[in-house]
Amino acid sequence: MEVWVGLFVAAGFAALFMLAMKVSNMSTVSSGDGYEIFARFGNIGGLNVRSPVRASGVLVGRVSKINYDSRTFEAIVTLTIENQFNQFPTDTTASIFTAGLLGEQYVSLTPGAEDAVLKQGDTIMFSDSAMVLERIIGKIVTDKLSE
Amino acid sequence: MQFLLCGRVYPALHSVQCPVQAESCRLTGPGQTVKLPARMQDSPGSDILIRVRGLTFRRGERVIFDNVDLDFQRGRITAIMGPSGTGKTTLLKLITAQLTPDAGSVEVASRNIHALSTPELFEMRKRMGMLFQSGALLTDLTVFENVAYPLREHTQLPERMIRYLVLAKLQAVGLRGAAGLLPAQLSGGMARRVALARAIALDPMMIMYDEPFTGQDPISMGVLIKLIHTMNDNLGLTSIIVSHDVVETSSIADHIYVISDGRVMDQGSPAELERTASEWARQFLKGLPDGPVHFHYPAGDYAEDLFEN
Amino acid sequence: MKTEATAVSANGRLDAIANAGRRAFVFLERTGRAGLFLLRVLQSIPAVLARPGLIVQQVFSVGVLTIVIVLVAGAFVGLVLGLQGYNVLVRFNSEASLGTFVGLTLVRELGPVVTALLFAGRAGSALTAELGLMKATEQFAGLEMMAVDPYKRVLAPRMLAGFISMPLLAAIFSAVGVLAGYFIGVGLLGVDAGAYWAQMQSAVDFDEDLMTGFWKSLAFGFAATWVALFEGYDAEPTAEGVGRATTRSVVSASLLVLGLNFVLTAFLLETDT
């Protein structure tokens with residue numbers, strides 16, 4: 001009987017471990033140990049907390065906080081970047097892209113050429129706002145009409 | 001092997017018994033000395049172990065007991081008799097404080113049992129054995145483990161000592177050979193005997209039997225009567241039997257209370273009750289079909305009823 | 001004649017109202033008793049921790065004996081999710097998201113809920129029947145007369161066992177379901193294996209999804225065991241009484257689990273944003 005209970009508890013913990021490592025994102029995200037940088041956007045579109053931050057398509061961090069600055073009328077997005085990716089130049093550009101036409105939105109970092117690197121608490125100077133589909137369509141339509 | 005118990009040498013551990021007045025006793029076996037649980041001091045002098053005064057108990061509107069006085073003498077067999085549904089089992093539950101009365105008191109060994117705190121009550125119950133109608137054996141334990149259960153719960157006896165004690169108790173009820181069986185494999189009479197062995201496992205000062213003879217064949221009935229009698233004599237137990245089996249109960253009881261409708265209808269020794277003046281008690285004890293309790297359930301006139309339409 | 005008729009119907013209405021009131025009163029009274037019962041069981045739990053043997057024994061009868069049904073049900077639910085998810089997703093050309101669908105559904109909702117329903121049906125009914133039978137055969141009274149507290153020796157170990165077993169069973173259910181979804185999606189329908197796991201990992205969050213499921217299963221285990229124990233301990237000590245209590249135990253526990261799931265989902269989703 002004790003053996004069966006032991007097996008049962010072991011199987012339960014094995015299942016929990018499998019769910020944690022294989023099914024959830026626990027193995028891919030080391031939350032907490034990263035450094036925070038800020039980026040300002042005129043429009044963040046559908047960006048969420050926990051949206052990915054990518055550089056050249058590689059996941060380097062996640063959006064950890066989104067605030068609105070009522071003085072400058074801009075969104076302030078806090079990005080938590082993993083410590084191993086600490087070589088982003090200070091003139092890096094942050095853009096909001098969409099994965100596929102209708103997929104999730106993410107922040108893309110495009111490195112610049114400066115020697116100094118971004119550190120904890122720095123703010124990215126250059127940013128491209130989200131492409132909002134309606135606006136693009138509207139622009140195409142007005143361009144066509146004005147031709 | 002020899003055992004030294006309370007200063008006396010026992011040739012072999014057949015039955016372990018402590019003198020009633022001993023505060024505690026040492027059980028010395030081969031290579032081990034064990035302290036048995038201390039007994040509470042009874043108040044000596046009084047030969048009435050349980051004193052029930054003015055007991056009143058209601059269930060909703062129904063009055064089960066109405067100002068009942070009862071005395072249970074130390075070392076004697078006292079029987080409570082009465083028709084089914086008069087609350088005989090309820091009386092046992094009141095004495096053991098499984099139920100609380102609406103008025104009146106129950107004194108066990110000079111202490112009001114309903115005024116005890118839970119630990120005190122549990123301490124008291126260790127000295128009160130009770131034999132339930134169904135046996136109330138734990139269904140997932142063997143006969144041996146059932147008898148060992150109170151010992152394991154309340155003592156720190158080593159395994160060998162528990163084995164000696166359990167086998168001695170089972171031997172006393174004649175079921176040592178059934179030690180490995182499960183309760184489901186026992187007949188009703190055997191289950192009651194195992195329950196009896198369990199009830200005396202902690203060497204109580206008293207034991208209560210709830211309808212011990214109901215539904216027994218003549219042989220197991222005889223076995224139970226003999227057991228109750230010998231238990232009472234050999235162990236110096238105070239016994240209370242609740243029953244409606246007149247003949248069997250009269251054969252062993254020292255004193256009988258006949259109760260009905262929440263009152264004591266009659267009392268006395270079996271011989272006294274034989275010559276009772278109470279018509280009701282006579283009808284009950286002799287099992288007469290008609291008397292103060294009528295054969296017919298109250299109804300209107302028979303002829304009128306028949307030709308009504 | 002007419003006034004008499006109205007008097008009768010008014011009487012009938014009054015009776016109906018009185019009846020409803022009585023039922024409500026009985027319900028409240030039962031709920032109150034169940035609450036007091038839970039309190040006493042919880043108070044007795046510290047005493048049980050000193051006797052791990054009792055808990056192991058109950059984890060066996062509550063957890064181990066439920067594992068087969070959980071394995072089978074988990075596998076079938078996973079297979080259906082894989083098949084159904086694939087059929088829907090393939091229309092949008094996004095069958096690669098099958099992992100997301102299977103993983104999220106199992107970990108957040110179906111794992112805890114279905115496991116709790118199975119738990120109520122298998123372990124809960126067994127608990128109720130066992131306790132009801134113990135009551136019918138005077139075993140509780142017998143224990144009390146042996147100066148043994150049934151709350152400490154009988155009820156509290158079962159409560160703890162339910163509490164321990166449920167999350168483990170739910171985890172096993174979800175894990176088996178995910179594997180079954182993998183088998184259908186990747187093995188039979190040709191979804192890319194890497195995509196299945198990668199999509200699942202990117203969508204299922206450890207804190208928000210996995211822990212939500214874990215807390216839910218803990219709450220469900222607690223609720224289902226509580227209902228089962230109370231119904232058994234409160235059962236009428238007759239054969240029909242035990243039968244009725246067993247049915248009621250499964251029905252009430254299942255409804256409680258579903259209701260609790262709604263409340264917890266709303267509550268846990270709210271704390272997310």
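**View 1. The surface of chain B in this predicted model.** Chain B exposes about 14900 Å² of accessible surface, and carbon and sulfur atoms own 52% of that. On the inside, 49% of its 309 residues count as buried. If you like to tally secondary structure, chain B has ten helices and 14 strands. Take the contacts in chain B with a separation of 6 or more: residues 24 or more positions apart account for 59% of them.

**View 2. Who touches whom among the chains.** Two pairs of chains touch, and chains A and C have the most contacts of the two. Don't go looking for an interface between chain A and chain B, though: these chains do not touch, and their nearest C-alpha atoms sit 14 Å apart.

**View 3. Two positive phi values in the loop between β8 and β9 of chain B.** Here's a spot to check on your Ramachandran plot. Most residues other than glycine have a negative phi. Ala109(B) goes the other way, with phi near 50°, and Ser110(B) does too, with phi near 65°. Ala109(B) sits in the loop that links β8 (103-108) to β9 (111-112) of chain B, and Ser110(B) lies in that loop as well. What about cover? Ala109(B) counts as buried because its relative accessibility is 10%, under the 20% cut-off. Ser110(B), with a relative accessible area of 44%, is partly exposed.

**View 4. Helix α9 of chain B and its packing partners.** Helix α9 covers residues 279-286 of chain B, and its buried residues are Trp280(B), Ala281(B), Gln283(B), Phe284(B) and Leu285(B). What do they pack against? On the strand side, the partners include β7 (77-81), β13 (255-260) and β14 (263-268) of chain B. Helices α7 (246-252) and α8 (270-274) of chain B are also among the elements they pack against. Right after α9(B) comes Gly287(B), and phi is positive there, near 70°.

**View 5. A negative patch on the surface of chain B.** Four acidic residues make up this one: Asp301(B), Glu304(B), Asp305(B) and Glu308(B). Where along the chain does Glu308(B) belong? Look in the segment after α10 (302-306) of chain B. Is Glu308(B) buried or exposed? Glu308(B) has a relative accessibility of 59%, so it counts as exposed, the cut-off being over 50%.

Terms used
Residues numbered from 1 in each chain as written. Chains lettered and ligands numbered in written order. Predicted model: local features only at pLDDT ≥ 70, side-chain atom pairs only at ≥ 80, totals over all residues. Heavy atoms only, no water. Contact = heavy atoms within 4.5 Å. Helix = DSSP H or I, 4+ residues; strand = E, 2+ residues; numbered from the N terminus. Buried < 20%, exposed > 50% of the residue type's maximum accessible area, 1.4 Å probe, protein only. Areas by Shrake-Rupley, 256 points an atom, 1.4 Å probe, with all protein chains shown as cover. Patch = residues over 30% accessible without salt bridge, like charges linked within 9 Å, V, L, I, M, F, W, Y side chains within 5 Å. Salt bridge = Lys/Arg side-chain N within 4 Å of Asp/Glu carboxyl O. Lys, Arg positive; Asp, Glu negative; His and termini not counted. Charge placed at Lys NZ, Arg CZ, Asp CG, Glu CD.
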